[in-house]
Amino acid sequence: MRTILHVDLDAFYAAVEQRDDPALRGKPVLVGGSARRGVVAACSYEARTFGIHSAMAMAEALRRCPKAIVVRHRMERYAEASHAFFAILGDYSPEVEGLSLDEAFLDVTASERLLGDGQTIGLAIKQRVREQLSLVASVGVAPIKLAAKIASDIDKPDGLRVVVPDQLLAFLHPLPVTRLWGVGETTREVLATMGLATIGDVARYPEAALVGRLGATTGHHLAALARGEDHRPVVREHDPVTIGHQETFDDDVDDKGELAVLLLDQADRVAARLRAADLRARAVVLIVKYDDFRQITRRTTLDAATSDGGVLARTAIELLAKVAIEPRKGGRVRLCGIAATQLEPRDAPRQLGFDEAARARGERLGDTIDKLAAKYGKGAIRRAVHLDEAGNDDDD
């Protein structure tokens, strides 16, 4: 019998913003894009009382809560918090499966003899997240992944729910069928026509009849989950395959010079996240979406892997130079972004070239900027091109 934990940071993006800016604490905070075109990437629990949720149009969210405070997302800060979060999890088990920046499964079966039972480990993780990150985590403990994930969500925020093996079915069966992995709205409607509203209903229904209505794969899958059978292991975290940043503009852009300045800022953000993850990239991808919603990508491979924002920016701008922007033909730009891919560990050996000294200087500069940002805040040092005539950050 396994002991699985699902750990989820509550309202992660919004919580990081409230942590970093005391003026936002206790306020309805929306993280995301502009009011005209953006969507809500995350919202604080204070905002959720107005019926606001992630992926909602920002305009609708502000209609529901006009006093909500909108903040731009800061992926480098979230990546930094995520890195520290996963470092904590790794102290309790080598079997950690990340689902996103702010949630993961842990198999602590082999750790219990040394560290205590699942509840004890869950409490310890919650305490360390609060003390070291000033964030709040909810934890579910169960013998299977399905129940652990449900358990972490059911008492949010700041929850801890333990499902012991002999209470597994008693926990699952009263829940709605939508709690089963693989049940979306279409499958829910089919199950409703069969008179099945809860997981218990599915468990008691003849499996052959489920297969007849839903097909072999889905029918057998849902029947097994409803019986509490979930044999999927916790799969260790894999390195990311890409790190990127993109933005949707309030107004369409048709000036390549303006786009180049934006790409420079995006490249710096991506480079900071690469360094935070101790990675370099060997390839750069430019993403452009036009005002008629056509999207194109352009990609190139670098001579050597790098975490230098200047190199990433120059490469992206070179790719931009080859992209057509034709305002009269639906060619204005509504979204632009950059992605770094073909990632490798920063300490991986690489062949030295004649320009290796310049590459090293660029990366050392990035390391210094990271240290200044960690000590004095992200805006402590900025490229001059991103400042207005008065010397203020033009993002403010």
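Begin by selecting residues 4-9, which are strand β1, together with residues 137-142, which are strand β7, and you will find the two paired in the antiparallel sense over 6 bridges. As you look, keep in mind that this is a predicted model. To follow the pairing residue by residue, pick Leu 5, whose bridge partner in β7 is Val 141, and then Val 7, whose bridge partner in β7 is Val 139.

Now keep β1 on screen and add residues 103-107, the strand β6, which runs antiparallel to β1 and is joined to it by 5 bridges. Val 7 is worth selecting again here, since it stands opposite Ala 104 in β6. In general, the strands of a sheet pair through backbone hydrogen bonds, and they may do so in a parallel or an antiparallel way.

Next, show the side chains of β1 and ask which of its residues lie on one side and which on the other. Ile 4, His 6 and Asp 8 are on one side, while Leu 5, Val 7 and Leu 9 are on the other, and all of them are buried, so that both faces of the strand are covered. In a regular strand, side chains alternate between the two faces of the sheet.

Widen the selection to the whole sheet, an open one in which 5 strands follow the order β5-β6-β1-β7-β8 with mixed pairing. The edges are held by β5 (96-100) and β8 (160-162), and because each has a single partner strand, one side of each is left without a neighbour in the sheet. If you look along the sheet, neighbouring strands are turned by 15° against each other on average, with direction ignored.

Leave the sheet now and select two helices, α13 (residues 256-276) and α14 (residues 309-321), whose axes come within 8 Å and cross at roughly 145°. The crossing in which α13 passes α14 is right-handed. Among the residues that make this contact are Leu 259, Leu 263 and Ala 267 of α13, and Leu 312, Ala 316 and Leu 320 of α14. Sorted by class, the contact between α13 and α14 has 14 nonpolar, 2 polar and 3 charged residues.

Finally, select the whole protein chain, which has 15 helices and 12 strands. Of its 396 residues, 45% count as buried, and the accessible surface comes to about 19,700 Å², of which 53% belongs to carbon and sulfur atoms. Among contacts in the chain with a separation of 6 or more, 65% are accounted for by residues 24 or more positions apart.

Terms used. Residues are numbered from 1 along each chain as its sequence is written. This is a predicted model: local features need pLDDT of at least 70, side-chain atom pairs count only at pLDDT 80 or more; totals for chains, interfaces and linings use all residues. Side-chain values use heavy atoms; hydrogens and water are left out. Helices (H or I, at least four residues) and strands (E, at least two) are DSSP runs, numbered from the N terminus. Buried means under 20% relative accessible area, exposed over 50%, partly exposed in between (1.4 Å probe, protein chains only). Contact means heavy atoms within 4.5 Å. Accessible areas come from the Shrake-Rupley method with a 1.4 Å probe; for residues, only the protein chains shown count as cover. Two strands pair if DSSP finds at least two bridges between them. Axes are lines fitted to C-alpha atoms, for helices over the stretch in contact, and angles run from 0 to 180 degrees between N-to-C directions. A crossing is left-handed if the near helix is turned anticlockwise from the far one by less than a right angle, and right-handed if clockwise. Ala, Val, Leu, Ile, Met, Phe, Trp, Tyr, Cys and Pro count as nonpolar, Asp, Glu, Lys and Arg as charged, and the others, Gly among them, as polar.
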